[in-house]
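This report reads a protein model one part at a time, and it is best followed with the sequence and the structure side by side. Please look over both before going on to the sections below.

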Amino acid sequence: KIVSAKKYGNEVIIWNAKTGKSIVLPLIMKGHADEINSVAFSPDGDKIVSASDDKTIRIWNAETGKQIGEPLTGHTGTVNSASFSPDGTKIVSASTDKTIRIWNAETGKQIGEPLTGHTSYVQSASFSPDGTKIVSASNDKTIRIWDVETGKQIGEPLTGHTSYVYSASFSPDGTKIVST
């Protein structure tokens with residue numbers, strides 16, 4: 001399955017990855033007060049996490065489109081991305097407030113302090129395949145790697161981009177990072 005969101009209008013569509021056809025009618029996820037910037041499935045496919053300009057992260061039932069629990073709040077800027085950890089127990093989010101936050105996916109509570117170090121908007125953050133690291137991409141033209149357990153940055157920022165970095169992701173074996 002593939003999940004996509006219509007930026008304006010809170011419409012989410014789930015697609016069959018093989019046929020390219022929508023599986024169900026669009027889900028109307030009522031709850032966000034502003035544009036949705038990203039959506040991602042939980043590893044088991046039962047939930048969807050969304051990130052919005054309204055500074056919140058929300059968790060949804062992937063079948064019904066109904067919100068699960070309260071919004072995850074704490075960011076002071078637009079939330080650009082949110083995704084589940086490989087085991088589904090955590091969510092990572094990235095924001096224009098220059099922070100990355102880790103959340104308990106069950107309780108919605110923030111885990112530890114925000115991860116800080118980027119000097120501009122953080123566009124994306126995602127977990128490594130083993131769930132022990134996070135990679136983040138920022139408008140400060142860097143990619144950073146973080147230790148999930150300690151919240152500390154691992155090594156120096158990765159540099160080389162000459163403009164904003166919008167996305168970064170680990171390879172399936174966790175040995176490489178791709179960025180745009």
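## Contact, and the surroundings of a serine

Contact means heavy atoms within 4.5 Å. The model described here is a predicted one, and within it S136 touches I100, H118, V122, S124, A125, T142, I143, R144 and W146, when residues up to four places away in sequence are not counted. S136 itself has its place in strand β13.

Is S136 buried or exposed? Residues with under 20% relative accessible area are called buried, and S136 is therefore placed in the buried class, with a relative accessible area of 0%. One of its contacts, S124, lies 12 residues away along the chain, and the C-alpha atoms of S136 and S124 are separated by 5.5 Å.

## The sheet that holds β13

Strand β13 belongs to an open sheet of 4 strands, whose order is β12-β13-β14-β15 and whose pairing is antiparallel. The edges of this sheet are formed by β12, covering residues 122-127, and by β15, covering residues 153-158, each of which pairs on one side only. From one strand to the next, the twist averages 15°.

Two of the pairings can be followed in more detail. Strand β12 and strand β13, the latter made of residues 133-138, pair in the antiparallel sense over 5 bridges, and V122 has S138 as its bridge partner in β13. Strand β14, residues 143-147, pairs with β15 in the antiparallel sense over 3 bridges, and here I145 stands opposite I154 of β15. Between β14 and β15 the hairpin has 5 residues, and G151 in this hairpin takes a positive phi near 75°.

When looking at any of these strands, a general rule is useful: in a regular strand, the side chains alternate between the two faces of the sheet.

## A second open sheet

Another open sheet, again of 4 strands, runs in the order β8-β9-β10-β11 with antiparallel pairing. Its edge strands are β8, residues 79-84, and β11, residues 110-116, and each of them pairs on one side only. If direction is ignored, neighbouring strands of this sheet are turned by 15° against each other on average.

Inside this sheet, strand β9 (residues 90-95) and strand β10 (residues 99-104) pair in the antiparallel sense over 5 bridges, and I91 stands opposite W103 in β10. The loop between β9 and β10 contains K98, whose phi is near 75°, a positive value in a residue other than glycine. With a relative accessible area of 38%, K98 counts as partly exposed.

## Loop residues in different settings

H75 lies in the loop between β7 (67-72) and β8. A loop position does not settle the exposure of this residue, and the value has to be read: H75 has 6% relative accessibility and so counts as buried. Leaving out residues up to four places away in sequence, H75 touches K55, I57, S93, A94, S95, D97, T99, R101 and W103. By contrast with these contacts, K6 is 69 residues from H75 along the chain, and the C-alpha atoms of the two are separated by 22 Å.

K55, one of the residues touched by H75, is itself found in the loop between β5 (47-52) and β6 (57-61). Its phi is near 75°, a positive value in a residue other than glycine, and at 40% relative accessibility K55 counts as partly exposed. A33, in the loop between β3 (27-28) and β4 (36-41), counts as exposed because its relative accessibility is 69%, which is over the 50% that the exposed class requires. Computed along the sequence, A33 and N10 are 23 residues apart, while in space they are 8.9 Å apart, C-alpha to C-alpha.

## The largest pocket

Which residues line the largest pocket? The lining is made up of K90, I102, I111, G112, E113, P114, L115, V148, E149, T150, G151 and K152, and the space in the pocket is about 190 Å³.

Strand β11 gives the largest share of this lining, with 5 residues. Sorted by class, the lining has 5 nonpolar, 3 polar and 4 charged residues. G151 thus links two parts of this report, since it is named in the pocket lining and also takes the positive phi in the hairpin of β14 and β15.

Key:
Residues numbered from 1 in each chain as written. Predicted model: local features only at pLDDT ≥ 70, side-chain atom pairs only at ≥ 80, totals over all residues. Heavy atoms only, no water. Pairing = 2+ DSSP bridges. Axes fitted to C-alpha atoms, helices over the stretch in contact; angles between N-to-C directions. 1 Å grid on protein atoms, 1.4 Å probe; cavity = no way out; pocket = protein on both sides within 12 Å on 5 of 7 lines; lining within 4 Å. Points joined across faces, edges and corners; volume = space filled by probe spheres on them. Nonpolar A, V, L, I, M, F, W, Y, C, P; charged D, E, K, R; others polar. Buried < 20%, exposed > 50% of the residue type's maximum accessible area, 1.4 Å probe, protein only.
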